[in-house]
Amino acid sequence: MATLPDGALMQRAATGLATAVADLLGGVYGRRIVLLVGPGDNGGDALYAGGVLARRGASVEAWLLADTWHDDALAALRRAGGRTSAPRPLRAGAVDVVVDGVFGIGARPGLPPRVAEAVIPISSSIPFVAVDVPSGVGVDTGEGGGMHLRADLTVTFGTHKIAHLADPAAQACGVVELVDIGLDLPPAPVESLGEADVAGLLPRPRPDDHKYTRGVVGVRAGSATYPGAGLLAVAGANTGLAGMVRYVGSAAETVKQHHPEVVGPGRVQAWVVGPGTADDAEQHLAEAVADDVPLVVDADALGHVTAPLPQAVLTPHAGELAAMLGVERKAVEAAPLRHATDAAARFGCVVLLKGNHTGIAGERVRITTAGTPWLATAGAGDVLSGLIGALLAAGLAPFDAASVGSWLHGAAGTLASDGGPITATDLARAIPRVVQQIAVRHWGL
Ligand SMILES: NC(=O)C1=CN([C@@H]2O[C@H](COP(=O)(O)OP(=O)(O)OC[C@H]3O[C@@H](n4cnc5c(N)ncnc54)[C@H](O)[C@@H]3O)[C@@H](O)[C@H]2O)[C@@H](O)CC1
Ligand SMILES: [K+]
């Protein structure tokens with residue numbers, strides 16, 4: 001900011017915001033726009049953008065929802081033909097868009113009653129565009145923070161904030177559009193991998209590789225009661241990312257029928273322990289830990305983790321993590337990132353908390369935004385644990401294996417789904433195709 005003329009960043013932000021609103025509306029002339037305006041620069045962005053849109057023929061009214069506002073920005077709106085008005089109920093179709101410029105990155109979570117009263121009588125069918133973040137969410141935590149607004153589109157500036165990535169706040173953002181305002185940014189404590197990052201991290205077979213150098217992953221999953229979990233964990237491991245898959249457990253016959261490549265007990269470079277192991281979980285975990293190789297601990301085995309496991313990736317869902325930490329499931333769902341980070345510290349390892357946006361806590365935090373809600377299907381978690389195990393066996397560090405595995409899992413779900421429902425079997429089959437697309441696009445193979 002020191003190197004720029006006063007207000008230059010805000011003008012860039014407001015111009016980007018106005019463009020995004022115009023794109024959403026498919027035009028500007030004659031459109032009716034309501035601005036919800038708070039006391040700070042977030043409201044200033046909304047007012048300046050409103051000025052740009054009013055100049056292009058939109059009818060723009062600003063609802064001033066605090067005792068103060070950005071004076072220069074309001075003057076600019078007025079000069080462009082915009083006006084202020086008192087909040088009123090808005091029925092469906094009463095206006096074309098509502099722009100939420102109440103609070104941005106300067107916000108504490110929650111909304112004052114005056115804002116809530118203005119917003120509740122607005123029809124939920126009117127599109128909302130959030131300036132920077134939906135007002136009221138925990139910007140730096142992703143926590144819901146009591147009452148907050150929801151958006152169909154969030155236009156943010158400079159860089160993504162944690163609220164755009166981490167649930168539950170991320171679910172209030174709708175589509176997130178990032179406007180580059182030319183900031184010079186330090187390294188981020190929270191990352192989200194993109195396809196090019198995954199391409200750079202994925203193990204690539206070398207010409208002199210053989211099956212053992214590419215890594216052997218062992219799967220301890222399934223039982224007489226739950227043979228399917230064994231099959232699906234093997235399906236996730238047996239997607240060609242490691243050189244060989246071993247299976248140890250009571251579903252061996254079924255596994256052999258479906259996966260003739262899979263062999264029995266022997267030396268491995270990584271273990272996957274837990275899915276569907278029921279009463280055998282504790283013994284499987286003890287035997288895997290005794291091998292002193294990296295391991296994925298999932299499902300039934302999670303309840304038997306008592307001491308730190310430095311080479312492990314734990315893959316709980318919210319209920320399993322709640323049980324491990326002795327808290328309510330609701331508490332984990334309200335603050336998933338904080339609980340995953342706490343668990344990573346407590347168990348001295350990487351903790352991957354499954355959810356709409358999966359969070360991976362380890363040396364840093366990564367959040368997976370790839371995926372589709374269709375992935376919420378039985379057995380998808382078993383496939384994920386197998387897949388992460390294969391990446392560990394192939395030599396990735398636990399934090400990378402967990403985050404790359406989670407990204408591939410999400411991308412495979414999206415590819416297999418193509419907008420429709422999928423089963424865990426479809427998901428596992430799509431993993432090699434996702435890797436193939438990455439190889440073609442990024443490795444030039
Ligand atoms: N910092 C930057 O580099 C840039 C910031 N810009 C905009 O500026 C925004 C940040 O502006 P401000 O720092 O003025 O802060 P905000 O506009 O987010 O908040 C303004 C004030 O509202 C009050 N407030 C916050 N949360 C409240 C709550 N829950 N209940 C009651 N009152 C509450 C506080 O007094 C706070 O200072 C960004 O989100 C973005 O929209 C952009 O113009 C681009 C550049
Ligand atoms: K906002």
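This report describes a predicted model of a protein chain with a ligand, going from the whole chain to single residues.

## Overall make-up

The protein chain has 445 residues, and buried residues make up 53% of them. Its secondary structure comes to 15 helices and 16 strands. Measured out along the principal axes, the C-alpha trace spans about 75 × 50 × 40 Å.

Contacts between residues at least 6 apart in sequence can be sorted by how far apart the partners are in the chain. Of these contacts, 68% join residues at least 24 apart.

## Two domains

The domain assignment divides the protein chain into domain 1, residues 8–186, and domain 2, residues 195–443. Their C-alpha centres lie 40 Å apart. Domain 1 gives 10 residues to the contact between them, and domain 2 gives 11 residues. On the side of domain 1 that touches domain 2 there are 4 nonpolar, 4 polar and 2 charged residues.

UniProt, in an unreviewed entry, lists residues 194–438 as "domain: YjeF C-terminal". Over that range the chain is 45% helix and 13% strand. The C-alpha atoms at the two ends of the range are 11 Å apart.

## The surroundings of ligand 1

There are 22 residues around ligand 1, and those that come nearest are Gly40, Asp41, Asn42, Gly104 and Gly106. By class, the shell divides into 11 nonpolar, 7 polar and 4 charged residues.

Two helices, α1 (8–25) and α2 (41–55), each supply at least two residues of this shell. The largest share comes from α2, with 4 residues.

## Helix α2

Helix α2 is mostly covered, as 14 of its 15 residues are buried. Its length can be checked against a simple expectation: at 1.5 Å a residue, the 15 residues of α2 should span 21 Å. The end C-alpha atoms of α2 are 21 Å apart, which agrees.

Just after α2 comes glycine 57, which takes a positive phi of about 100°.

## Valine 313

Valine 313 lies in strand β13, which covers residues 312–314. Is valine 313 buried or exposed? It counts as buried, because it has 31 C-beta neighbours inside 10 Å and the cut-off for a buried residue is 20 or more.

Leaving aside neighbours within four places in sequence, valine 313 is in contact with Val296, Cys349, Val350, Leu352, Ile388, Pro398, Ala401 and Ala402. Leucine 53, by contrast, is 260 residues from valine 313 in sequence and 50 Å from it in space, C-alpha to C-alpha.

## The listed binding site

In an unreviewed entry, UniProt lists Lys354, Gly355, Asn356, His357, Thr358 and Gly381 under "binding site". These residues are spread over 28 residues of sequence but cluster in space, with a largest C-alpha distance of 13.8 Å.

Two of the listed residues, asparagine 356 and histidine 357, can be looked at more closely. Asparagine 356 is in the loop between β14 (350–353) and β15 (358–361), and histidine 357 is also placed in the loop between β14 and β15. Asparagine 356 is partly exposed, because 16 other C-beta atoms lie within 10 Å. Histidine 357 counts as buried, because it has 25 C-beta neighbours inside 10 Å.

Residues up to four places away in sequence are not counted in the contacts that follow. Asparagine 356 touches Asp167 and Gln171. Histidine 357 touches Leu165, Ala166, Asp167, Ala170, Ile367, Thr368 and Thr369. Asp167 is thus a contact of both asparagine 356 and histidine 357.

## Threonine 369

Threonine 369, one of the contacts of histidine 357, sits in the loop between β16 (365–368) and α13 (380–393). Threonine 369 is partly exposed, because it has 18 other C-beta atoms within 10 Å.

Besides His357, threonine 369 touches Leu165 and Ser192, again not counting residues up to four places away in sequence. Leu165 is also touched by histidine 357. Threonine 369 and glycine 410 are 41 residues apart in sequence, yet their C-alpha atoms are 7.8 Å apart in space.

How values were computed
Residues numbered from 1 in each chain as written. Chains lettered and ligands numbered in written order. Predicted model: local features only at pLDDT ≥ 70, side-chain atom pairs only at ≥ 80, totals over all residues. UniProt positions renumbered as here; feature names shortened; annotations may be inferred. Near = placed C-beta within 6 Å. Nonpolar A, V, L, I, M, F, W, Y, C, P; charged D, E, K, R; others polar. Domains from an automatic or database assignment. Contact = placed C-beta atoms within 7 Å. Buried ≥ 20, exposed ≤ 12 C-beta atoms within 10 Å, placed from the backbone. Expected span 1.5 Å × (residues − 1).
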